Amino acid sequence: MFFKKFFVERKTRHAIKKSTVTRDNISFRKAQSIGIIYSWEGKRKAEIINDFAKEMEISGKEVQTLCYSRVDLKIVPVKVDFFSDKDFDNFGKIKSDKLNNFKNLRFDFLYHLDTLPNVYIENIMALSNARCRVSKADHTKTELYDFMIQIRGTVGIDKLCQEILHYTKALVNNVQ
């Protein structure tokens, strides 16, 4: 497991350096496709993310959600599309069609909704074809995200989702 993480981190750094994807911001109003990726931390977080996704859908966006989990969650009482470290080979390469398809989609916005870092999600963010990658501010990860939200005080996932939604709508709408 340690070596797999090492190789995933290495592939992430390489993907950042070699990326030729054009990143740009369009207004939230004009955006059509939204991707959401996050780590499983329990049913409550999944419900908050689901509410965030519903807000996007109400705004007329097509939303796809993907969740990382360290454990097998076949019996979870919520409908979530999961992936795990098993979707990466021992050298850090994605071996899952589900992950390859997700990273290849040209989302207008791809939201990483976590309060803690995750090397597997960061790899997908680096490889993503998304136009704008959005997350909580982490000044050590500026190359991974195009738009980061600084949150003061205690950062819970509900606060993070509120702030990201607020700033994405408010700031990006000014772009022509």
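Start by selecting S96 and K98: at the start of helix α3 (residues 97-104), a side-chain oxygen of S96 comes to within 3.2 Å of the backbone nitrogen of K98. That counts as a polar contact, meaning a pair of N or O atoms within 3.5 Å; within protein, one must be able to donate a hydrogen and the other to accept it, and residues adjacent in sequence count only if both atoms are side-chain atoms. Helices here are DSSP runs of H or I with at least four residues, strands are runs of E with at least two, and both are numbered from the N terminus.

Before moving on, some ground rules. You are looking at a predicted model, where local features need pLDDT of at least 70 and side-chain atom pairs count only at pLDDT 80 or more, while totals for chains, interfaces and linings use all residues. Residues are numbered from 1 along each chain as its sequence is written, and side-chain values use heavy atoms, with hydrogens and water left out.

**Stop 1: S96 and helix α3**

Keep S96 on screen. This serine sits in the loop between β3 and α3, and at 9% relative accessibility S96 is buried. Buried means under 20% relative accessible area, exposed over 50%, and partly exposed in between, using a 1.4 Å probe and protein chains only. Add L99 to the selection: the S96 side chain also reaches the backbone nitrogen of L99, at 3.2 Å.

Now show the whole of α3. Which residues of α3 are buried? Select L99, F102 and K103. They span an arc of only 95° around the axis, so they lie on the same side of α3; the arc is taken from the directions from the helix axis to the C-beta atoms. Turn to the face pointing away from that buried side and you'll find the exposed residues D97 and N101. The buried residues of α3 pack against β1, β2, β3 (82-83), β4 and α4 (119-127).

While you're in the loop between β3 and α3, pick D85 as well. D85 is buried, at a relative accessible area of 10%. Draw a C-alpha to C-alpha distance from D85 to R70: they are 15 residues apart in sequence and 7.0 Å apart in space.

**Stop 2: strand β1**

Select residues 33-39. Seven of the seven residues of β1 are buried, so this strand is largely enclosed by the rest of the structure. In a regular strand, side chains alternate between the two faces of the sheet. Here both faces are covered: S33, G35, I37 and S39 are buried on one side, and I34, I36 and Y38 on the other.

Next, bring in the neighbours. β1 pairs with β2 (residues 62-68) in the parallel sense, over seven bridges; strands count as paired if DSSP finds at least two bridges between them. To line them up, look at I37, which stands opposite L66 in β2. Follow the chain from β1 through helix α2 (residues 43-58) to β2 and you trace a right-handed β-α-β crossover. Right-handed means that, with the strands pointing away from the viewer, the path from the first strand over the helix to the second runs clockwise.

β1 also runs parallel to β4 (residues 109-112), joined by four bridges. The pair to click on is I36 and Y111 in β4, which stand opposite each other.

**Stop 3: K45 in α2**

Go back to α2 and select K45. Is K45 buried or exposed? Buried, with a relative accessible area of 5%. Leaving aside neighbours within four places in sequence, K45 is in contact with Y38, S39, L113, D114 and I157, where contact means heavy atoms within 4.5 Å.

**Stop 4: helix α4**

Select residues 119-127. Eight of the nine residues of α4 are buried, leaving the helix mostly covered. Among them are Y120, I124 and M125. At the N-terminal end, N118 provides the cap: a side-chain oxygen lies 2.9 Å from the backbone nitrogen of Y120.

**Stop 5: K17, then zoom out**

Select K17 in helix α1 (residues 2-18). This lysine is exposed, at 73% relative accessibility. E143 is 126 residues away from K17 in sequence, and their C-alpha atoms are 9.1 Å apart.

Finally, show everything. The chain has five helices and six strands, in the order α-β-α-β-β-α-β-α-β-β-α. Of its 176 residues, 48% are buried.

Colour by pLDDT, the predictor's confidence in each residue from 0 to 100. The chain's mean is 86, and 90% of its residues reach 70 or more. Over residues 172-176, pLDDT stays under 50.
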